[in-house]
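This report describes parts of one protein chain, with short sections on its strands, its domains and its ligand. Please keep the sequence and the structure in view while reading.

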Amino acid sequence: MKNDILQALQTVSPIQLEEHMLERPANSKLGDFALPCFPFAKVLRKSPVAIAEEIASSVKHPLIRKAEAVNGYVNLFMDREVIADSLLQTILKQSAAYGSSNEGNGGVVTIDLSSPNIAKPFSMGHLRSTVIGNSIALLLEGNGYQPVKINYIGDWGTQFGKLLTAYRKWGNEEDVRKEPIKTLLNLYIRFHEEAEADPSLNDEGRAAFKVLEDGDADALALWEWFKTESLKEFQRIYDLLGVSFDSYNGEAYYNDKMEPVVQELEDKGLLVESDGAMVVEMEDGMPPCLIKKSDGATLYATRDLAAAIDRKNKYDFVKSIYVVGNEQSLHFTQVKKVLNKMGHEWANDIVHVPFGLILQGGKKMSTRKGKIVLLEEVLKEAIALAQKNIQEKNPALANQSEVAEAVGVGAILFSDLKQHRKHDIEFDLETMLQTEGETGPYVQYAHARANSIVRKAGATDEFAINEVNDHEWDIVKLLSQFPQAVKRANDELDPSVIAKYAVDLAQAFNSFYGNVQVLSDSANKAYRTALTECVIIVLKESLRLLGMRAPEEM
Ligand code: ARG
């Protein structure tokens with residue numbers, strides 16, 4: 001709409017216009033768009049009032065109903081009825097496809113997301129990575145890309161030598177079976193405590209990892225078992241979140257794929273020795289990238305290098321995204337630089353998508369030393385709270401447990417996604433679950449309310465628009481902006497654009513619902529029902545893009 005208007009203005013404007021010059025007045029009495037003419041006065045040696053009058057009297061466009069010159073502004077009023085009619089037709093016809101595009105042309109984008117570490121609790125950071133990464137994947141798909149979701153499980157490294165050592169010393173099978181992650185974490189913590197008193201334990205742990213790396217069958221079997229048990233626990237969380245992956249190739253998968261990379265670094269003269277370790281040096285005062293320890297063991301960066309190359313070979317991505325916390329920024333900068341130094345031009349297509357911490361009472365939620373916040377418990381608590389709310393407010397509702405799950409989990413997802421990912425976010429279940437304010441349940445509730453209207457009205461085949469009132473016009477304008485929101489969220493890899501959009505649309509719908517008769521005004525019933533159907537389509541799609549469900553009744 002804006003571009004059309006800008007073009008129409010350009011044909012009668014004595015000066016070159018730019019998009020930012022066209023404002024959207026907050027008060028709709030001042031029109032849908034306004035062009036302030038003050039900046040042109042000097043060049044044209046005319047008063048802004050005169051310029052505005054000239055433009056207002058000559059601008060013509062089928063979508064402009066009225067142009068008024070007021071105090072140096074050109075206020076433009078759109079033909080609401082014509083615009084609403086064609087938009088509603090479009091949305092009803094395209095349905096769930098409304099807002100999507102083919103911009104990506106099927107290009108593959110790999111997304112490294114979630115990536116928890118086995119034998120450790122699934123942390124709040126992993127939750128953020130999962131939720132943000134999943135929404136980015138959905139946005140990419142909506143923009144015509146082909147996302148490949150890779151869960152790069154942390155299942156390799158010296159810590160597993162330590163864990164094997166600890167298990168053999170103090171562990172037993174039964175406890176691991178019963179509560180795998182809790183038990184393994186405690187073993188790991190105990191290892192560190194005892195190693196403080198007896199540092200030789202650390203050497204034992206390192207040696208045990210070497211044995212594992214070299215493929216010892218007993219060590220591998222034990223490690224394999226820890227992994228299976230851990231993944232079972234993670235899977236329960238993924239099921240609750242409704243997230244799935246295209247690949248679970250984690251760090252261990254690269255155990256036998258690192259040597260060629262190290263060799264290539266060597267051949268290209270990039271490896272240098274530093275304190276017995278092999279490193280690639282960085283410029284600009286950046287610490288060197290560690291490739292091999294003095295005992296020959298590989299590192300996190302070595303595995304990420306091998307993984308990046310493997311992904312390029314396997315998927316020929318146009319972009320390779322890593323949804324990982326802010327604190328790993330240096331790591332990804334280094335990995336990218338090393339790949340660049342190796343001559344891989346595609347390294348420029350690697351994008352680290354960082355995010356902030358989840359705080360509780362202003363402090364980082366800790367998974368260390370006993371103070372474990374188990375995510376599964378948090379999700380279950382949210383679902384239970386949602387269930388309680390339903391029992392209080394709508395005890396007759398069918399599928400209560402399904403709805404409670406959609407709302408409880410949705411509340412957590414939404415509170416995460418509505419803020420720009422780089423911000424730290426405060427975790428407070430009660431606030432997240434409120435049906436007022438900028439929450440997931442608020443948006444889901446608006447969607448359910450819209451569904452109940454359409455159920456009562458019956459679907460509309462045909463409608464005529466007599467007049468579009470201010471409440472309806474607010475909705476129409478928002479509906480027309482949805483495709484841009486989907487594009488911008490994708491361009492900026494920022495789901496919060498969609499979350500904020502959904503809140504705005506839900507708010508506009510609620511004030512329409514509170515002020516306008518849909519069912520009892522027979523002259524406008526069909527049109528208003530059609531408008532409500534469009535709200536359903538777009539709210540549902542917004543929620544879907546955030547990885548949330550949209551119950552039809554709540
Ligand atoms: N497992 C790591 C952690 O929990 C995150 C892995 C992120 N992905 C990667 N390709 N390095 O910190």
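## Strands β6, β7 and β8

In this predicted model, strand β7 (residues 277-280) and strand β8 (residues 289-292) run antiparallel and are joined by three bridges. One residue pair can be located here: Met-278 has Lys-292 in β8 as its bridge partner.

Strand β7 also pairs with strand β6 (residues 271-274), again in the antiparallel sense, and this pairing has four bridges. Met-278 in β7 appears here too, as the bridge partner of Glu-273. Between β6 and β7 there are two residues, and the two strands form a hairpin. In its turn, Asp-275 has a positive phi of about 50°.

## The sheet of β1, β3 and β2

A further group to look at is an open sheet of three strands, in the order β1-β3-β2, with antiparallel pairing. Why is one side of β1 and of β2 left without a neighbour in the sheet? β1 (33-36) and β2 (64-70) stand at the edges and each has a single partner strand, so one side of each has no neighbouring strand in the sheet. Neighbouring strands of this sheet are turned against each other by 20° on average, with direction ignored.

The connection between β1 and β3 (residues 73-78) consists of four bridges, and these two strands run antiparallel. Within this pairing, Leu-35 stands opposite Val-74 in β3. As a general point, side chains in a regular strand alternate between the two faces of the sheet.

## Domains and annotation

The chain is divided into three parts: domain 1 covers 2-78, domain 2 covers 108-360 and domain 3 covers 375-545. The centres of domain 1 and domain 2, taken over C-alpha atoms, are separated by 56 Å.

An unreviewed UniProt entry annotates residues 1-78 as "domain: Arginyl tRNA synthetase N-terminal". This span is 33% helix and 22% strand. How far apart do the end C-alpha atoms of residues 1-78 lie? The distance between them is 9 Å.

## Surroundings of the ligand

Which residues surround the ligand? They are Asp-112, Ser-115, Asn-117, Tyr-152, Gly-154, Asp-304, Tyr-322 and Val-324.

Sorted by class, the shell around the ligand contains three nonpolar, three polar and two charged residues.

Note on methods
Residues are numbered from 1 along each chain as its sequence is written. This is a predicted model: local features need pLDDT of at least 70, side-chain atom pairs count only at pLDDT 80 or more; totals for chains, interfaces and linings use all residues. Two strands pair if DSSP finds at least two bridges between them. Axes are lines fitted to C-alpha atoms, for helices over the stretch in contact, and angles run from 0 to 180 degrees between N-to-C directions. UniProt positions are given in the numbering used here, feature names are shortened, and annotations may be inferred rather than shown by experiment. Domain bounds come from an automatic or database domain assignment. A residue is near a molecule or strand if its C-beta atom, placed from the backbone, lies within 6 Å of it. Ala, Val, Leu, Ile, Met, Phe, Trp, Tyr, Cys and Pro count as nonpolar, Asp, Glu, Lys and Arg as charged, and the others, Gly among them, as polar.
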